[in-house]
Amino acid sequence: MSQLRGDYKTTWNALSGSKQEAYLYVAGYTDEEKFHADAEDTIDILRETVGVRPDDVFLEIGCGVGRVGRVLAPLVKEWIGCDVSANMLKLAGRRLLGIPNTRLQEISGYDLQPIPDGAVDVVYTTVVFMHLEEWDRYNYILEAMRVLRPGGRFYCDNVDLASPAGWAVFEESRKTFKPKDRPAQISKCSTQPEIEAFLKHAGFADVRVAGRLNFWVYGSGTKP
Ligand SMILES: C[S@@+](CC[C@H](N)C(=O)[O-])C[C@H]1O[C@@H](n2cnc3c(N)ncnc32)[C@H](O)[C@@H]1O
């Protein structure tokens, strides 16, 4: 293994040295139209789980190049994109030019330190937990609890180990890489009980955890 998995900043800056590389690591493709369509799908899931309201301040953990933010920002009061990688944020800044209610924030890789307590209505993170250590998934859930206002909502997702396609992801990585050769960003699945335990230990109410499309696990909750 060339890098420590927990050295998120080094890993993700190295994966986003060019626009093309960043897009490929964010989504596996570089087509802007598909970015837009996939963002619409993500926003539909947010609508179903945490709701999307015009007076909401939204914060995304691991926003990448602003795939979701570009489509979501015009629907809400403010969108704050946070990412561990300055390179990703630079590309996001270019994609978000001309959308005034957006803000970008570099973060440490395990907390939301620049964001004040109780400042946000919705925190979400999508296609990010698979790249984190379990402790850091929970660190971010605790931080979401801190930065949300009472009544604020939280959403997260990951690949579900217990789904058929999630199991295939696990097996593919097991067979492909010897332990010392695993890339730092390799995807690691979650399970529904893991996400539920994290949300409940962090103090979220109205916790809902479910599977989707035989691949994803997602969880949501409300700050009491
Ligand atoms: C697969 S991309 C997903 C980007 C975006 N959420 C989307 O769906 O388009 C993963 C993103 O998470 C960021 N990331 C990785 N580890 C992180 C960490 N520990 N804290 C914050 N962001 C992280 C990466 O820089 C990258 O932008």
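**Figure 1. The buried side of helix α3 in this predicted model.** Three residues of α3 are buried: F35, L46 and T49. They cover an arc of only 65° around the axis, which puts them on the same side of α3. What covers these buried residues includes α2, β4, β5 and β7. Now turn to the face directed away from that buried side: here you will find the exposed residues E33, H36, A37, E40, D41, D44 and R47. The whole helix runs over residues 32-49, which makes 18 residues, and its first and last C-alpha atoms are 26 Å apart, close to the 26 Å expected at 1.5 Å a residue. Just after α3 comes G51, with a positive phi of about 80°.

**Figure 2. Helix α6 and its two sides.** Which residues of α6 are buried? They are R137, Y140, I141, E143, A144 and V147. Seen down the helix axis, these buried residues fall within an arc of 165°, so they line one face of α6. A handy rule helps here: an α-helix has 3.6 residues a turn, so residues three or four places apart point the same way. The partners that the buried residues of α6 pack against are β1 (57-61), β4 (120-125), β5 (148-159) and α8 (192-201). On the other side of α6, E134 and W135 are exposed. You can also check the length of this helix: at 1.5 Å a residue, its 14 residues (134-147) should span 20 Å, and the end C-alpha atoms are indeed 20 Å apart.

**Figure 3. Helix α7, a helix that is hardly covered.** Count the buried residues among the 13 of α7 and you reach one. The helix takes in residues 164-176 and should span 18 Å at 1.5 Å a residue, which agrees with the 18 Å between its end C-alpha atoms.

**Figure 4. R153, a buried residue in strand β5.** Is R153 buried or exposed? With 24 other C-beta atoms within 10 Å, R153 is buried, because 20 or more such atoms make a residue buried. Leaving aside neighbours within four places in sequence, R153 is in contact with V50, G51, V122, S220 and T222. Look for T49 as well: 104 residues separate T49 and R153 along the chain, yet their C-alpha atoms are 9.0 Å apart.

**Figure 5. Two loop residues with a positive phi, V127 and N214.** Most residues other than glycine have a negative phi. V127 is not a glycine, but its phi is positive, at about 60°. You can find V127 in the loop between β4 and α6, where it is partly exposed, with 19 other C-beta atoms within 10 Å. N214, not a glycine either, has a positive phi of about 55°. Its place is the loop between β6 (205-212) and β7 (216-222). N214 counts as exposed, with 10 C-beta neighbours inside 10 Å.

**Figure 6. The residues around the ligand.** How many residues surround the ligand? There are 21, and the closest are Y8, W12, G62, G64 and R67. Sorted by class, this shell has 12 nonpolar, six polar and three charged residues.

**Figure 7. Confidence along the chain.** The mean pLDDT of the chain is 96, and 99% of its residues reach 70 or more. Among the elements of the chain, β1 has the highest mean pLDDT, at 99, and helix α2 (residues 19-27) the lowest, at 94.

Key:
Residues are numbered from 1 along each chain as its sequence is written. This is a predicted model: local features need pLDDT of at least 70, side-chain atom pairs count only at pLDDT 80 or more; totals for chains, interfaces and linings use all residues. A residue is near a molecule or strand if its C-beta atom, placed from the backbone, lies within 6 Å of it. Ala, Val, Leu, Ile, Met, Phe, Trp, Tyr, Cys and Pro count as nonpolar, Asp, Glu, Lys and Arg as charged, and the others, Gly among them, as polar. Helices (H or I, at least four residues) and strands (E, at least two) are DSSP runs, numbered from the N terminus. The expected span of a helix is 1.5 Å times one less than its number of residues. A residue is buried if 20 or more other C-beta atoms lie within 10 Å of its own, exposed if 12 or fewer, and partly exposed in between; C-beta atoms are placed from the backbone. The arc is that of the directions from the helix axis to the C-beta atoms. Two residues are in contact if their C-beta atoms, placed from the backbone, lie within 7 Å. pLDDT is the predictor's confidence in each residue, from 0 to 100.
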